[in-house]
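The following exercises concern one protein chain. Please consult the sequence and the structure while working through each solution.

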Amino acid sequence: MKKLIILLVVIAAGVGGVFYFRRQAAADSVSYLYVAVTRGDVESTVSATGNLSAVDSVQVGTQVSGIIDVLNADFNDHVHKGELIARLDTTVLRLAYDRAVASEDQGKADLVQKGYALEQVKRLLATGAETESDYETALANDVMSKATLASDSVALREARQNLDYAYIYSPINGIVIKRAVDVGQTVASSFSAPELFLIAGDLSQMQIVASVDESDIGQIHDGQTVAFTVEAYPDRTFSGVVRQVRMQSTTVDNVVDYPVVVDVENKDGALRPGMTATVNFEVAKSANVLKVPDAALRFQPTAAMVAQIRAQRAASGADTSRGGAKGDSASRSGRGGFGRRGGAAGGRGGFGAAGGGRGGRGGATANGGRPVGDVATLWYMKDGKLAATRVHTGLSDGQETEISGPNVVEGMQIIAAVTSGASSAATKAPTNPFQSNNQNGRGRGGPGGGRGF
C-alpha cells in the first residue's frame, strides 16, 4: 500500500511538472498582429452633412381659384418650357369673361349715345334753345361715359387674364419632382398661390448645401475639392467643388454653422434631390508618401519587449545610460547619444530632447525637441529579432498617418498588437522603448553633453 501511494505521488508530480512547463512555454510564446507600411496619398479633411438639391427648381402655383380639371404631368415626367401641364375648370371664369365683354359693349353703346346728346346740345345752344347749364350736363355725361368704358375695358382684360391663368404651363425645362394636386381637387388662391408642382431643372448638375461648423469654416474656400457619400450607394464616393461659402450663419442648440454650396455632377442620374450627403472637404494632402495605420502608432510595448530590446543592445555593446566620453565615440564629436540635453558644444540629442548647439529631436517628454505627436516609435521584427525605430509623423486622415524615417521602407511589417503570450502582455512598458532601467531617466553625458536616459 505504501509503495502504491509513493507511485501515485511520483506520477502526480510528473504530470504537474509537464503541465507547468507547457503552460510556461505557452505564456512565454508571444505572437503579434502586423500592419504594413504602404505608399500612397494622405488627405486631411473636414466633415459635414447636407442635402442634395437641383441647382434650379421652380414651385408652380396658380393665380386663380378653381377645381383641377386636367393634369398633363405626373411625378418624374420631363416637361418643356411653355408646355401645358394642368388646367382648372373654366366654367366660372368664362362666365366672368363673357360678363365683362357685355359690360364693355354696353359701355361703348352708352358712349355713342352720350356723344350724340352732346352734339345736339351744342347745336341748340348756338340757337339759344339750350342753356349753358344743359351743355355742361351733357359734356359731363359724355366724359363719364368714356371713363365707364375705360373701366369696362380693364375689367374685360382682367377677366381674360384670369381665364388664361386657368391654363398652367411649365416655366422651365425640367423634371416634375412633386405633384401636390389631383384631378377634381379645389385650389384656393385667396391668400397665397397654392403649390401645384415642383419642377427641377437639369438634374445632371446638382448642388449640396452643407452645414459646416464655425471651428472648421476657416479652412473652407471657393474651388475646394470635395468628396462625399450617400446612404443609397455606401460603396461609392462622389466628387464636387465648393462654389460658395455663405456669410449668413445658423444657430441650432448653441452650435453655429455656415452654409457651404457644393456643385456636383450627376451625369448618370444616380443622385436624387433630398438625399443626405456626408461631405469631406479636402484641406491638406500629402501625395506619394509612406503611411502606416494609426494602430501601429498607438501600440504600447510590453515590459518583456522593452527588456528584450535592452538585452539585445547590451549584447551588441551599446550603452543607453551614458553618452560622451563614457558612451559611444560619437559623443566625443558633440553627439549626445541618448542624452536629454547637451551643453554648448553638444550636437544632436539622438532620441532624447535637444543637444547643444544644433539642438536635437526630442521625444514626447523632451525639452526643446519637436512637438508631442511629431515623433513615434514603430516596433517590428528584423532577422527574427525584435526591433524598434523612431519615425516622424505627418498628415493624418484619422485612419492612416504619414511617416518618415531612415529605417522605414514600403511593405515593412509593423507590430500593431500582441495577440498571445499572457505573461509577456500583462505589464505595459513605458512609451519610450529606449529608456534605461533607471526610471528617472538620468544618465551622464559626455563633454558638452547633458543627462541621458
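**Exercise 1.** Determine whether Ser204 is buried or exposed in this predicted model.

*Solution.* Step 1: the relative accessibility of Ser204 is 19%. Step 2: a residue counts as buried under 20%. Step 3: Ser204 is therefore classed as buried, because its 19% lies under that cut-off.

**Exercise 2.** Describe the place of Ser204 in the chain and state which residues it touches.

*Solution.* Step 1: Ser204 belongs to the loop that links strand 10 (195–200) with strand 11 (205–213). Step 2: leaving aside residues up to four places away in sequence, Ser204 touches Val264, Glu265, Asn266 and Lys267. Step 3: the side chains of Ser204 and Asp202 form a polar contact of 2.6 Å.

**Exercise 3.** State how many bridges join strand 11, strand 13 and strand 14, respectively, to strand 15, and give a residue pair for each pairing.

*Solution.* Step 1: strand 11 and strand 15 (residues 255–265) run antiparallel and are joined by 9 bridges; Gln207 stands opposite Asp263 of strand 15. Step 2: strand 13 (residues 238–245) is also antiparallel to strand 15, with 5 bridges, and Val245 faces Val260 there. Step 3: strand 14 (residues 250–252) runs antiparallel to strand 15 with 3 bridges; Thr250 has Asp257 as its bridge partner.

**Exercise 4.** Which residue takes a positive phi in the hairpin of strand 14 and strand 15?

*Solution.* Step 1: this hairpin has 2 residues between its strands. Step 2: Asp253 takes the positive phi, near 55 degrees.

Technical notes: Residues are numbered from 1 along each chain as its sequence is written. This is a predicted model: local features need pLDDT of at least 70, side-chain atom pairs count only at pLDDT 80 or more; totals for chains, interfaces and linings use all residues. Side-chain values use heavy atoms; hydrogens and water are left out. Helices (H or I, at least four residues) and strands (E, at least two) are DSSP runs, numbered from the N terminus. Buried means under 20% relative accessible area, exposed over 50%, partly exposed in between (1.4 Å probe, protein chains only). A polar contact is a pair of N or O atoms within 3.5 Å; within protein, one must be able to donate a hydrogen and the other to accept it, and residues adjacent in sequence count only if both atoms are side-chain atoms. Contact means heavy atoms within 4.5 Å. Two strands pair if DSSP finds at least two bridges between them.
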